Amino acid sequence: MSDQKYVYFFGKNKTEGNAGMRNLLGGKGSHLAEMANLGIPVPPGFTITTEVCTAYYNHQQHYPDGFEEQLADQLKKLEDETGFKFGNNSKPLLLSVRSGARISMPGMMDTVLNLGLNDKTVLELAEEADERFAYDCYRRFINMFGDVVLNIEHKEFETILDAKKAELNVTNDTELDTQALKDVVEKYKTLVKEKTGEDFPEDPIDQLRKSINAVFDSWNTKRAITYRKINHIPDDWGTAVNVQVMVYGNMGENSGTGVAFTRNPSTGERTFYGEYLMNAQGEDVVAGIRTPHPIETLKQEMPEVYDQLDDIKERLEHHFKEMEDVEFTIQQGKLYMLQTRTGKRTAAAAVKIAVDMFNEGLITREEALLKVEPEQLDQLLHPMIDPNEKVRSIAKGLPASPGAAVGKVVFTAEHAEEMFQAGDKVILVRNETSPEDIGGMHVSQGILTVRGGMTSHAAVVARGMGKCCVAGCGAIQIDEDNKLFRVNGHTLNEGDFITLNGSTGEVIVGEVKLITPDINSKMETLLEWADDVRILAVRTNADTPEDSQTARDFGAEGIGLCRTEHMFFGEDRIPIVQEMILTETIEGRKEALKKLLPMQRGDFKEIFKVMKGYPVTIRLLDPPLHEFLPKHDELLEEYIELKASGDSNKLNEVQVLMRRVESLHEFNPMLGHRGCRLGITYPEIYEMQVRAIFEAACELAKDGYDIVPEVMIPLVGHVNEFKVTRESAEAVARQVMDEQGVELNYMIGTMIELPRAAITADEIAVSAEFFSFGTNDLTQTTFGLSRDDAGKFLPYYVEHGILENDPFVAIDQQGVGQLIKIGVEKGRSTRPELKVGICGEHGGEPSSVIFCHNAGLDYVSCSPFRVPIARLAAAHAVLKENE
């Protein structure tokens, strides 16, 4: 027999657990034990540990040695404490069997109530209490046991119950008399026999064993697995099982049951918030058959019980230093607490509760910061679907950019702009977006794409704009010719309204009510506390003065990535860029670039002004040139139309454009002629950009601004690529400063996006003054996959446990993360003062921010609307390191 303890008792006279044993006893079991230790009235019982659940799954649904003996011993203790006997026809002990994982998973696992009832014990219960009450409990037990343990659908039992109510012409269960309930019990038992081939089990020990099995089995139901994935709960934690003496809220008008929160979970207000029903069991409160009463009315109905409950509420909140979610039952005037756990709350409530509890002296600032998860702040920064709205999604993609949006379907960026000008709110629906769509994306309420992942063009741009985006919704089929799309049996035409939930990836037909969360002083206070704690600086990825200002308003301390290519897509600029690409001579390119120079200079000048002395890292042109030209298929379609019309002049222009597009075609553009490779072979492009940067900085320096430009060279794989590009950039910078009569402090560094760059970082750092890890491309080149195509299979990988997380959402710490650590260590081995940050989309993902802190980076950079998340996550990194 094993010496390991598998079952822990809790009760008035003896309790073996406490709140610190959450991992072993689960949240519910450890808190029941803690309440018992505090002298709070709790029905006695025992908890079967999570280790038994793990052993159950590891040994083909068999229990470890010694468990059965411990179970029998604990049942004996329960009988001794209560004076009732389990399985005895006289004074029968009736039990509840509930799950209890270490982290609350409300409604995800199974419960069995009234266990121990059979044809004999129900008679004893009827004699002790009331016959109608006894048979009401019996029919509930058969229903619940049949559903949870015997896998008979709940609706089968409901059909029998509804038929009896219809027969007697009554509406509510409470209107059924004793004989009616006896009839229902018999029909339930007949149903069990029909469905299982066996009689309903009469042996209470058999009932208990099967119920414990069922609760353990419910750990791996589809809904529980889905909940764990959404909330990042490990599959191997398992659940505990809590076996507890039944108490009844349906024993008359002096009995009742309820659920309450020690503060308002929606607003965070310090008010007792909850509902209760008299003469009811717990499931009646949530079933909606009867309307519960607000908790305040209990004060008039049962003042002594209310005062006791209010006192317990205060004791629990002060003891756990948390907003608690409690369940209680009143049995014939006596109060029992069935559960207390940390209450779920909205983001707004979480922030308010954390700040208020500090102000009340209940917790420290550090504890307040840890009470708000960084991801929760997303809810406070974007419109969201009204929680009271009932919605039904028709498709689901990737939640690429949070928030919600309502608008009319539109299929092209051009038409989106036209509809916007006409006063319509639109949602841009595309197979995928490209930089050419930027105008339509800008005026759209949200973006929906068929292809692409969490770091696709649509996702990255939408997050930067603070717009809702659902990407990679592969079930959608777009028919642009007929201006419609089909998905899962639905057809949506251009102009039809749809709603997107960018926080869940859902696509919903029609207009759904949205609400705008209130960003208040409590959030500002919390983030100021975070700033006092964190070590990592937080910058932003921004390409426009508007985005830069948004990021500053959210607390960004500079720009970690300004993507200059995004400045080339304005209506007044794209023709000049195309002119530069199409010309066959260096002189022709330089002439076109001269036209772009004042535009770029103006862009940089406005961004520098917004940042007012904070560092601004500007990445020189990165994408291949063909991205600035029309797609070949579009040109071919135009060519066919022109040939049919006989417009020879225009036809020649299109032919020239087609030949140039064909000459620039690459089989793998991501690894092709882009980044520093482009700057080396077409040095005049980078020279123009560097000149624009330094002319803007010098002009502002003359006006008294403190400007420190950081010029970033992309896609360096070999130190010589960096040296060549740096020399050219330094020469232009020197020339501009001499022309302007201004000396600037500036830095030239590189993006580390390739494994080779990370491995040879010591060589590169001799010349580079800063590194910025471009984690999007570093993830692509490390895994050898395209972020735009990986959306087809990465969700499957995550769902089936092949990968723990999508590596484009959270840094792959074992692979990509190790390359980052190597790059930091080797880079600082030759340049100890090397400034290091990241500028991929990972810069706003909390676990990635914590990794960056631990890896010794100086800053993270993320989309403007993720800056508050990164600020709080950076504080969490310090606090968790010190735990």
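Here are some short exercises, with worked solutions, on a predicted model.

**Exercise 1. Work out what kinds of residues line the second largest cavity.**

Start with the cavities themselves: the structure has two of 30 Å³ or more. The second largest holds about 30 Å³ of space. Next, collect its lining, which is made up of Asp378, His382, Ser401, Pro402, Arg463, Phe865 and Arg866. Now sort these by class. Asp, Lys, Glu and Arg count as charged, so Asp378, Arg463 and Arg866 go in that group. Pro and Phe count as nonpolar, which takes care of Pro402 and Phe865. His382 and Ser401 are left, and they go down as polar. The tally comes out at three charged, two polar and two nonpolar residues.

**Exercise 2. Find the residues of the nonpolar surface patch of about 370 Å², and check that Tyr797 is open enough to belong.**

The patch is made by Phe793, Tyr796, Tyr797 and Ile802. Look at Tyr797, which sits in helix α31 (residues 794-799). A patch residue needs over 30% relative accessible area. Tyr797 has 31%, so this residue passes that cut-off while still counting as partly exposed.

**Exercise 3. Take three salt bridges and say what each one links.**

A quick reminder before the details: side chains of opposite charge can pair when their charged atoms come close. A search of the whole structure turns up 65 salt bridges.

*Step one, within a helix.* Lys210 and Asp206 pair up with N and O 3.3 Å apart. Both are in helix α8 (residues 204-217), four residues apart, or about one turn of the helix. Each partner is partly exposed: Lys210 has a relative accessible area of 30%, and Asp206 has 24%.

*Step two, between loops.* Lys483 bridges to Glu494, and their closest N and O atoms are 3.9 Å apart. Lys483 is in the loop between β18 (477-479) and β19 (484-487), while Glu494 is in the loop between β20 (490-493) and β21 (497-501), so the pair ties together parts eleven residues apart in sequence. Lys483 is partly exposed, at 44% relative accessible area.

*Step three, between helices.* Arg601 and Glu699 form a salt bridge at 3.8 Å, N to O. Here distant parts of the chain are linked: Arg601 belongs to helix α22 (residues 586-611) and Glu699 to helix α26 (residues 683-702), 98 residues apart. Glu699 is partly exposed, with a relative accessible area of 25%.

*Step four, a network.* Some salt bridges share partners, and they join Arg263, Arg270, Asp310, Lys313, Glu314, Glu317 and Glu360 into one network.

**Exercise 4. Two residues other than glycine, Asn114 and Lys612, have a positive phi; place each one and decide whether it is buried or exposed.**

Take Asn114 to begin with. Its phi is near 65°, and the residue is found in strand β4 (residues 111-115). Buried means under 20% relative accessible area. Asn114 has 1%, so Asn114 is buried.

Now Lys612. Phi is near 45° for this residue, which is found in the loop between α22 and β26 (616-619). Exposed means over 50% relative accessible area. At 65%, Lys612 is therefore exposed.

Put side by side, Asn114 is a buried strand residue, whereas Lys612 is an exposed loop residue.

Note on methods. Residues numbered from 1 in each chain as written. Predicted model: local features only at pLDDT ≥ 70, side-chain atom pairs only at ≥ 80, totals over all residues. Heavy atoms only, no water. 1 Å grid on protein atoms, 1.4 Å probe; cavity = no way out; pocket = protein on both sides within 12 Å on 5 of 7 lines; lining within 4 Å. Points joined across faces, edges and corners; volume = space filled by probe spheres on them. Patch = residues over 30% accessible without salt bridge, like charges linked within 9 Å, V, L, I, M, F, W, Y side chains within 5 Å. Areas by Shrake-Rupley, 256 points an atom, 1.4 Å probe, with all protein chains shown as cover. Salt bridge = Lys/Arg side-chain N within 4 Å of Asp/Glu carboxyl O. Buried < 20%, exposed > 50% of the residue type's maximum accessible area, 1.4 Å probe, protein only.
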